[in-house]
Amino acid sequence: MAVADTLQSRARARPRLVTAVVSVVGYALVFGAFGGVLPLPEFSNDTVILLGDAIAVVNSIALLAIVAGVYFIKNDQVQKHRAAMLTAFTLIMVFLALYILKVGGGFEKEIVAEGIVWTAYIVMLAIHILLSAVSVPVVVHAVVLGLTHSPAELRETIHARVGRIAVSAWGLSLFLGLVTYVMLNHIYGWVPR
């Protein structure tokens, strides 16, 4: 318990440093998977498809947890808000592991669509990817503050402001990711790229 208390007090004293370190590690893992640097196993096409489906399920539940967390904090149910947001954050860690495995051990899909549908898909996908990347440090910072401060102390921090930004960017990113997933996998179809 003393080790946990020491880690919490250090994170409390330097939440921006903790945010930066955790964010850099996350970015490094994703870039390592894309660059083929991480030693990941190769998966069959069926496994890659299954990982994509699992990611969609995890992200759907994470989005529901975020919406629940917003509802709870608006109704001054702080403990439920905390549980919902930590659930969402945990699910995003699960997503990250699944995503790294999928990208590092599989293939990418290209939507079979043309014209306005293709353009809409690409725009939504680009916004999804941009918001995913930008929201990482904001989400991590909100979580670090939430884990290192009591509810009364949080009122004296930027947690609420950072949290609103995190929820907006993260929620929209998850939503657009799910829309593009449905378009790619269940409406228009795909080919390997």
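In this predicted model, M183 touches I111, V117, Y121, M124, Y188 and G189, leaving out residues up to four places away in sequence. M183 itself is found in helix α7. With a relative accessibility of 10%, M183 counts as buried, because the limit for that class is under 20%. A helpful point of orientation is G104: M183 and G104 are 79 residues apart in sequence, and their C-alpha atoms are 23 Å apart in space.

Helix α7 also packs against another helix. The axes of α5 (residues 115-148) and α7 (residues 159-187) come within 7 Å and cross at roughly 145°. This crossing of α5 and α7 is left-handed. Sorted by class, the contact of α5 with α7 holds 20 nonpolar and 10 polar residues, and no charged residues. In general terms, two packed helices are described by the angle between their axes and by the distance between the axes.

Helix α5 contains H141. This histidine is buried, with a relative accessible area of 9% that falls under the 20% limit. Leaving aside neighbours within four places in sequence, H141 is in contact with P15, R16, T19, I158 and V162.

Turning to the nonpolar interior, the largest core has 23 residues, and I66, F89, V139, W170 and L174 are the ones that touch the most other members. Elements giving two or more residues to this core are α3 (45-74), α4, α5 and α7. Of these, α3 gives the most, with 8 residues. W170 can be followed in more detail: apart from residues up to four places away in sequence, W170 touches I66, A88, F89, I92, S135 and V139. There is also a second, separate core of 7 residues, which includes I111, A113, Y121 and M124. Three of the names in that second core, I111, Y121 and M124, appear among the contacts of M183 as well. As a general background, nonpolar side chains tend to be buried together in soluble globular proteins.

Aromatic rings offer another way into the structure. The count comes to 4 aromatic pairs. Y71 and F72 form one that is edge-to-face, at 5.8 Å centre to centre and with 65° between the planes. Y71 counts as exposed, because its relative accessibility of 51% is over the 50% limit. A further pair joins F107 and W190, whose ring centres are 5.6 Å apart and whose planes stand at 35°, so the pair is tilted. F107 lies in the loop between α4 (78-105) and β1 (109-111), while W190 belongs to strand β2 (residues 190-192), so this pair ties together parts that are 83 residues apart in sequence. The two partners can also be placed by their accessibility: F107 is buried, with a relative accessible area of 14%, whereas W190 is partly exposed, with a relative accessible area of 25%. Elsewhere, F34, F95 and Y99 form one aromatic cluster.

Finally, the backbone has a detail worth a look at D76, which is found in the loop between α3 and α4. D76 has a positive phi of about 55° although it is not a glycine. For context, most residues other than glycine have a negative phi. D76 counts as exposed, since its relative accessibility of 59% is over the 50% limit.

Definitions and conventions
Residues are numbered from 1 along each chain as its sequence is written. This is a predicted model: local features need pLDDT of at least 70, side-chain atom pairs count only at pLDDT 80 or more; totals for chains, interfaces and linings use all residues. Side-chain values use heavy atoms; hydrogens and water are left out. Rings of Phe, Tyr and Trp (its six-membered ring) pair if their centres lie within 6.5 Å; planes under 30 degrees apart count as stacked, over 60 as edge-to-face and the rest as tilted. Buried means under 20% relative accessible area, exposed over 50%, partly exposed in between (1.4 Å probe, protein chains only). Helices (H or I, at least four residues) and strands (E, at least two) are DSSP runs, numbered from the N terminus. Axes are lines fitted to C-alpha atoms, for helices over the stretch in contact, and angles run from 0 to 180 degrees between N-to-C directions. A crossing is left-handed if the near helix is turned anticlockwise from the far one by less than a right angle, and right-handed if clockwise. Ala, Val, Leu, Ile, Met, Phe, Trp, Tyr, Cys and Pro count as nonpolar, Asp, Glu, Lys and Arg as charged, and the others, Gly among them, as polar. A nonpolar core is a set of buried Ala, Val, Leu, Ile, Met, Phe, Trp, Tyr and Cys residues joined through side-chain atoms within 4.5 Å. Contact means heavy atoms within 4.5 Å.
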